[in-house]
Amino acid sequence: MTIEELCKTAMDMREMAYAPYSHFRVGAAVECGDGTVFTGCNIENAAYGPTNCAERTAIFKAVSEGRRSFRRIAVASDTESFTAPCGVCRQVMAEFSPDMDVIMVNCKGETKTVNLRSLFPFGFDSSSLL
Ligand code: THU
């Protein structure tokens, strides 16, 4: 999939967002090491805490289907500014692919790409454990 196709897929996934509380729709498309693509959207909850971001939805779908390596993820929102992944999603990305690219897509389809190493320096990982 080209970067344009990946971004379009993420933008299309905003339609699937379940965001009745924030009304902030997010779509994601993660490209795995083998080239396959998994999609996700944010899924909110009346209790707020159980809310799952679009990025984690896509990554957890991929992991549950046997993928553990990711090249890049496109994240699309409805704003003109670029929506950066939250800290929890950065931690989840770093668990599997600390060197992956994060492509943020705004409502106009413009993109900004940042490597996870610069988005999430000095993270907690398995080498931090006893
Ligand atoms: N959200 C995402 O899905 N991804 C992000 O990168 C930022 C935030 C969602 C969570 C919640 O449903 C809504 O956006 C507002 O925070």
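**View 1. The hairpin of S4 and S5 in the predicted model.** Strands S4 and S5 run antiparallel and are joined by five bridges; strands here are DSSP runs of E with at least two residues, helices are runs of H or I with at least four, and both are numbered from the N terminus. Asp101 has Asn115 as its bridge partner in S5. Five residues lie between the two strands of this hairpin, where Gly109 takes a positive phi near 85°. This is a predicted model, in which local features need pLDDT of at least 70 and side-chain atom pairs count only at pLDDT 80 or more, whereas totals for chains, interfaces and linings use all residues. Residues are numbered from 1 along each chain as its sequence is written, and side-chain values use heavy atoms, with hydrogens and water left out.

**View 2. The parallel pair S3 and S4.** Strand S3 (residues 70-77) runs parallel to strand S4 (residues 101-105), and five bridges join them. Within this pair, Ala74 of S3 finds its bridge partner in Ile103 of S4.

**View 3. The open sheet and its edges.** The sheet is open and consists of five strands in the order S2-S1-S3-S4-S5, with mixed pairing; two strands pair if DSSP finds at least two bridges between them. Because strand S2 (37-41) and strand S5 (111-115) stand at the edges with a single partner strand each, one side of each is left without a neighbour in the sheet. From one strand to the next, the twist averages 20°.

**View 4. Helix H2 on the sheet.** Helix H2 (residues 54-64) packs on the sheet and touches strand S1 (26-32), S2 and S3, contact meaning heavy atoms within 4.5 Å. The direction of H2 makes about 140° with that of S2; axes are lines fitted to C-alpha atoms, for helices over the stretch in contact, and angles run from 0 to 180 degrees between N-to-C directions.

**View 5. Surroundings of the ligand.** Among the 13 residues around the ligand, Asn42, Glu44, Cys53, Ala54 and Glu55 come nearest, a residue being near if one of its heavy atoms lies within 4 Å. Oxygen atoms of the ligand lie 2.9 Å from a side-chain N or O atom of Asn42, 2.5 Å from one of Glu44, and 2.9 Å from a backbone N or O atom of Ala54. Taken alone, the ligand exposes 380 Å², of which the protein buries 80%, with accessible areas from the Shrake-Rupley method and a 1.4 Å probe.

Terms used
Polar contact = N/O pair within 3.5 Å; in protein donor to acceptor, adjacent residues only side chain to side chain.
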